[in-house]
Amino acid sequence: MLRIIKYIMYDILRTRFMFIYFLFLLLSTIALFQLDSEASKVVMSLMNVVLMVVPLISVVFTTIHFYNSYEFIELMLIQPVNRKVVFWSEYLAVTISLSLAFLLGVGIPILLYGANASALMLLYSGLMLTLVFVSMAFLAAVLTRDKAKAIGVGLLFWFYFVLIYDAFVLWVIYTFSDYPLEKVSLALIAFNPVDLARILMLLQLDISALMGYTGAFFKNFFEGYAGFIFSTALLLVWMVLPVGFATRIFSKKDL
Amino acid sequence: MRDTMRNRCVGVVFYVSALFLLLSSGAMAKEWKLSPKQSIAEVVEQAQAGDTLRFVAGVYKQANIIIQKPLVLLGEKGAVLDGSHQHEILVLAAEHITVQGLSFQHSGRSSLNDLAAIKCLDAHYVRIINNQFDNTFFGIHLSNSNYALIEGNTLKAQALNEYELGNGIHLWKCKNARIVKNTITGHRDGIYFEFVTHSTIQENISTKNMRYGLHFMFSNDDEYLNNTFKNNGAGVSVMYSHGVSMHGNRFEENWGESSYGLLLKDIRDSEVIDNQFLANTSGIYMEGCSRTQFHGNEFKNNGWAIQLQASCNDNTLERNNFQGNSFDVVTNGVVVLNTLKNNYWDKYQGYDLDKDGLGDVPFRPVNMFSTVMERVPAAIVLWRSMLVFLLDRAEKVIPAMTPENLMDNQPRMKPYDYN
């Protein structure tokens with residue numbers, strides 16, 4: 001398995017996409033630090049990058065990569081290798097390279113310009129989002145045979161979680177505003193990994209405002225580690241479930 | 001700077017005159033030395049006006065000591081007056097009494113009476129200096145006592161429930177008091193003023209009190225300068241007063257649903273100048289507040305920098321810094337009767353073509369989503385999402401939900417340097 005991962009990693013590095021992604025993150029982070037002297041404002045701007053760009057790149061790159069290495073996968077499957085091993089090698093190689101590009105691209109400037117709790121949380125939530133969206137893109141990729149269709153499905157995932165789902169949540173909250181909505185709103189958030197990552201950031205950036213909320217349930221959630229553990233646990237579920245489904249589909253699929 | 005110089009001058013004059021007073025009376029006054037075995041009440045009985053009572057180190061388990069003549073009570077290091085959890089300790093009921101360097105502990109608790117470590121009744125010109133108060137119900141309690149000086153005291157209380165606590169420094173119906181450099185922790189209200197006029201609260205540190213760091217009612221023409229109010233249950237509240245000056249104070253980390261850095265209710269003709277509001281849930285909450293000047297304040301990392309209720313009018317917010325707040329200004333109406341001018345807003349994205357340091361397009365500090373949150377607080381879970389960002393952008397172009405006229409016409413491009 002390690003050897004397959006190694007070959008896939010070589011393949012990924014050869015396309016230079018990873019390098020460009022790394023450079024883009026590095027330069028934009030440095031630029032933000034240069035433009036703004038205040039670290040907290042930089043983190044706020046970077047948060048938009050993390051919540052939007054990271055999922056998008058993860059989805060697009062993963063689907064394209066999967067279809068580009070279709071022949072390689074077919075070749076591997078001719079060998080006496082388990083299908084799951086091939087699939088998991090693909091998954092791990094993509095995850096590791098995207099995560100590394102993100103961690104280095106954003107992490108190096110953060111370390112250079114001074115790391116604080118909210119910056120570290122930013123790295124953490126970016127990493128989690130990478131894992132989740134790579135996992136989702138693999139699901140999208142095994143669902144169809146058509147490359148364009150798979151990219152479309154991946155983009156739909158992205159668009160849905162970044163925008164449409166939140167609009168739905170806002171509509172629910174607004175329509176049922178006469179009812180106690182604390183638990184409902186938190187439950188709704190659990191169904192969106194981007195929102196979960198955002199909550200992790202809110203706990204760092206807006207804790208003074210969050211503490212102004214009246215509900216005891218909310219307060220307990222935001223105080224201490226409850227919110228952090230809740231978000232992390234659910235993000236892990238979001239990572240495991242799609243790739244689990246994808247593995248099952250892939251191992252039975254007629255290539 | 002000029003203010004602190006002036007204060008220092010006033011302080012020096014005060015000390016010199018106090019010294020003269022001490023020296024001139026010292027010539028004829030007698031000094032009594034007390035040890036824990038003696039009855040304080042008897043010595044007080046025998047002493048003449050102007051005498052000094054010196055307490056040597058030790059625990060004096062004596063309470064309800066009533067002083068009705070001008071004496072000086074001096075504590076040596078380690079002299080402790082103990083109220084045995086039952087009684088009031090000292091009652092001052094004459095003019096010109098000085099209490100200095102003593103420790104007080106374990107006063108009684110009562111829900112009927114305001115039991116205090118030091119209670120002043122009609123005692124003008126008292127001086128309470130450098131004392132220590134541990135676990136007292138009320139620390140220093142003044143009623144109808146003018147020209148008091150309360151300086152350099154440390155008050156600490158520990159209790160789990162609010163009803164077990166009294167106020168640290170409590171003034172009722174006083175004039176011309178000076179409360180300087182005290183440290184108050186863990187009381188109900190750190191400093192409490194009711195019907196107190198022409199008084200100064202200066203350089204005190206009031207932290208971790210269960211209710212307000214400073215509670216201020218019906219008290220006109222007072223000033224509070226350079227105090228620190230940190231981590232109090234409900235912050236600082238100033239109500240039903242006029243002519244109040246607040247300069248150079250720090251309001252920090254007052255967190256909670258009804259916790260405010262500074263709560264202003266029915267205040268008029270006052271000044272809030274050069275203060276710092278750091279990481280509070282609400283920096284300033286104002287209701288029924290009019291003709292008040294807010295200049296040179298710094299609002300940093302608050303949940304809401306200013307909650308400006310529609311009942312406020314003719315206030316001016318000028319040359320303040322707004323940085324890193326989740327929401328800068330929220331309001332609950334559309335009528336705008338207040339002026340915002342030349343403030344620095346870190347969320348401002350306009351330009352300055354004529355390079356005069358002021359932005360060329362106005363800034364509307366009311367965020368559309370904060371209006372949504374006023375109606376549905378649970379919506380906070382969507383804050384900083386892409387959707388909210390887009391909605392906010394749309395609202396900025398065509399204001400529909402936010403008051404169109406609540407704006408800073410000439411926002412400053414760079415923050416003011418107030419350090």
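Visitor: How many other C-beta atoms lie within 10 Å of B:Arg384, and how exposed is B:Arg384?

Guide: B:Arg384 has 19 other C-beta atoms within 10 Å and therefore counts as partly exposed (20 or more would be buried, 12 or fewer exposed, with C-beta atoms placed from the backbone). This is a predicted model, in which local features need pLDDT of at least 70 and side-chain atom pairs pLDDT 80 or more, while totals for chains, interfaces and linings use all residues. Residues are numbered from 1 along each chain as written, with chains lettered from A and ligands numbered from 1 in written order.

Visitor: What is the sign of phi at B:Arg384, and where does B:Arg384 sit?

Guide: Most residues other than glycine have a negative phi. B:Arg384, although not a glycine, has a positive phi of about 70 degrees, and its place is the loop between helix H3 (368-375) and helix H4 (386-397) of chain B (helices are DSSP runs of H or I, at least four residues, and strands runs of E, at least two, numbered from the N terminus). B:His106, also not a glycine, has a positive phi of about 50 degrees and lies in the loop between strands S9 (103-105) and S10 (116-121) of chain B. B:His106 is buried, with 21 other C-beta atoms within 10 Å.

Visitor: How do the axes of H6 and H9 of chain A cross?

Guide: The axes of helix H6 (residues 117-143) and helix H9 (residues 193-205) of chain A come within 9 Å and cross at roughly 175 degrees, so H6(A) and H9(A) are roughly antiparallel to each other (an angle over 145 degrees).

Technical notes. Axes are lines fitted to C-alpha atoms, for helices over the stretch in contact, and angles run from 0 to 180 degrees between N-to-C directions. Angles under 35 degrees count as roughly parallel, over 145 as roughly antiparallel, 65 to 115 as roughly perpendicular and the rest as oblique.
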